Each structure stands twice: as structure tokens, then as C-alpha cells.
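Please consider the model shown below together with its sequence. The paragraphs that follow lead through its charged pairs, its nonpolar core and the places where it should be read with caution.

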Amino acid sequence: MEIEGKVIIDLPLQSGTSKAGNPWKKKEWVIETQGNYPKRVKIQAFNANVDNIRLEMGKDYRLSVDLESREFNGRWYTDVSVYRSEEIMQQPQQGYQQPAYGGDVQGAYSQPQGGFPQGAPQSFGAPAATAFDSAPANSDEDLPF
């Protein structure tokens with residue numbers, strides 16, 4: 001199973017000796033997933049994986065994990081053990097990006113010298129009459145309302 005998230009807590013290394021006399025070590029981290037409802041998940045690396053997994057605070061990772069639940073004294077506990085990690089490189093935030101059509105943005109929205117948008121017909125025949133045409137030329141009030 002894979003999980004993606006940012007390392008928000010780096011817990012200290014734990015080590016000891018089992019009842020059988022075998023040494024063990026465990027490293028734990030807490031990651032926060034992304035999305036509309038972020039979740040915090042404690043993950044761990046055990047024994048040989050402690051040396052193979054290197055996670056740094058504040059960085060995003062894609063982690064391959066195993067889930068395992070066990071019962072102890074009538075209660076159930078779940079471990080999320082990581083066995084592979086891959087850092088997710090964030091793309092730098094860029095302000096403006098060139099449009100997909102590859103055209104000149106400034107030229108696409110500007111009007112040519114004639115005042116008509118590019119591709120519009122340059123001649124429409126006789127101009128239509130407007131309310132302004134009927135007002136006398138020497139009138140003090142040339143507003144239509």
C-alpha cells in the first residue's frame with residue numbers, strides 16, 4: 001500500500017534487546033496526508049529498515065507501507081511499517097504560464113489600429129440610426145434621457 005504525506009514529527013530512535021537476547025531498533029515519524037481532510041499517521045521502520053529509510057522534517061514523501069493489526073490484552077493495535085520511501089519534489093510556484101496555444105497573449109487581447117477586433121469585418125455598410133442622431137446639433141442638452 002502507498003501513502004503520501006509530509007513529515008511533521010521525527011520521533012527519537014528506540015532500541016533494546018528482546019527476551020531471546022536479539023538486539024532491535026525502531027524509528028518512528030508522524031506524517032500528515034494532503035487533501036480536503038488531512039490525516040496524521042504514525043509510521044515506523046524496524047530493524048534493517050531503520051538504516052534504509054531516511055525521512056526529513058518538512059519534506060513530502062510517497063511511502064510504501066505494510067499494515068498489521070495485533071491483539072494484546074483484549075485491545076487491538078495497528079502498526080504502519082514503512083519499507084520504501086521516495087521524496088516528492090515540489091514544483092516551484094510560477095506566476096504566469098504561457099497559454100497552451102502558444103500565441104502572443106498581449107496581441108491576442110489587443111485591438112488593431114482600426115478599432116475592430118482581429119478577424120472582425122472592417123465594413124458593415126451604412127451605419128444604423130441611433131437616438132443621438134435625432135438630437136439637434138445646437139441643443140444645450142445632448143443626453144438622450
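A salt bridge is counted when a side-chain nitrogen of Lys or Arg lies within 4 Å of a carboxyl oxygen of Asp or Glu. Arg40 and Glu32 meet this rule, with their closest N and O atoms 3.3 Å apart. The structure is a predicted model, in which local features need pLDDT of at least 70 and side-chain atom pairs count only at pLDDT 80 or more, while totals for chains, interfaces and linings use all residues. Residues are numbered from 1 along each chain as its sequence is written, and side-chain values use heavy atoms, with hydrogens and water left out.

The overall architecture may be taken next. The protein has two helices and six strands; helices (H or I, at least four residues) and strands (E, at least two) are DSSP runs, numbered from the N terminus. Along the sequence the elements follow the pattern β-β-β-β-α-β-β-α. A contact is defined by heavy atoms within 4.5 Å. Of the contacts with a separation of 6 or more, 44% are between residues 24 or more positions apart.

Burial is described by relative accessible area: under 20% is buried, over 50% is exposed and anything in between is partly exposed, with a 1.4 Å probe and protein chains only. Buried residues account for 18% of the 145 residues in the protein.

The charged pairs can now be placed in this frame. In general, side chains of opposite charge can pair when their charged atoms come close. The count of salt bridges comes to 10. In the pair introduced above, Arg40 counts as exposed because its relative accessibility is 61%, whereas Glu32, at 28%, counts as partly exposed. Another salt bridge joins Glu4 to Arg62, with 2.8 Å between the closest N and O atoms. This pair links distant parts of the chain, since Glu4 is in strand β1 and Arg62 in strand β5, 58 residues apart. Arg62 also meets Glu86 in a salt bridge of 3.5 Å, N to O. Here too distant parts of the chain are linked: Glu86 lies in strand β6 and Arg62 in strand β5, 24 residues apart. Glu4, Arg62 and Glu86 are thus linked in a network of salt bridges. Each member is partly exposed: Glu4 at 40% relative accessibility, Arg62 at 27% and Glu86 at 44%.

Glu4 also appears among the contacts of a loop residue. Gln34 is located in the loop between β3 (23-32) and β4 (40-46), and its relative accessibility of 58% makes it exposed. Beyond its neighbours within four places in sequence, Gln34 is in contact with Glu4 and Asp60. Gln34 and Asp60 are 26 residues apart along the chain, and their C-alpha atoms are separated by 9.8 Å.

What lies in the interior? A nonpolar core is a set of buried Ala, Val, Leu, Ile, Met, Phe, Trp, Tyr and Cys residues joined through side-chain atoms within 4.5 Å. The largest such core has 15 residues, of which Trp29, Ile31, Ile43, Leu55, Leu63 and Val82 touch the most other members. Two or more residues of this core come from each of β1 (2-10), β3, β4, β5 (60-72) and β6 (75-87). Apart from neighbours within four places in sequence, Trp29 is in contact with residues including Val7, Ile9, Val41, Ile43, Leu55 and Val82.

Gln44 is another contact of Trp29, and this polar residue is found in strand β4. With a relative accessible area of 7%, Gln44 is buried. The side chains of Gln44 and Ser81 are joined by a polar contact of 3.3 Å. A polar contact is a pair of N or O atoms within 3.5 Å; within protein, one must be able to donate a hydrogen and the other to accept it, and residues adjacent in sequence count only if both atoms are side-chain atoms.

Finally, confidence should be weighed. The predictor's confidence in each residue, pLDDT, runs from 0 to 100. Its mean over the protein is 80, and 62% of the residues reach 70 or more. Across residues 107-111 the pLDDT is below 50, and this stretch has three contacts in the model beyond near neighbours in sequence. Where pLDDT is low, the predicted coordinates should not be read in detail.
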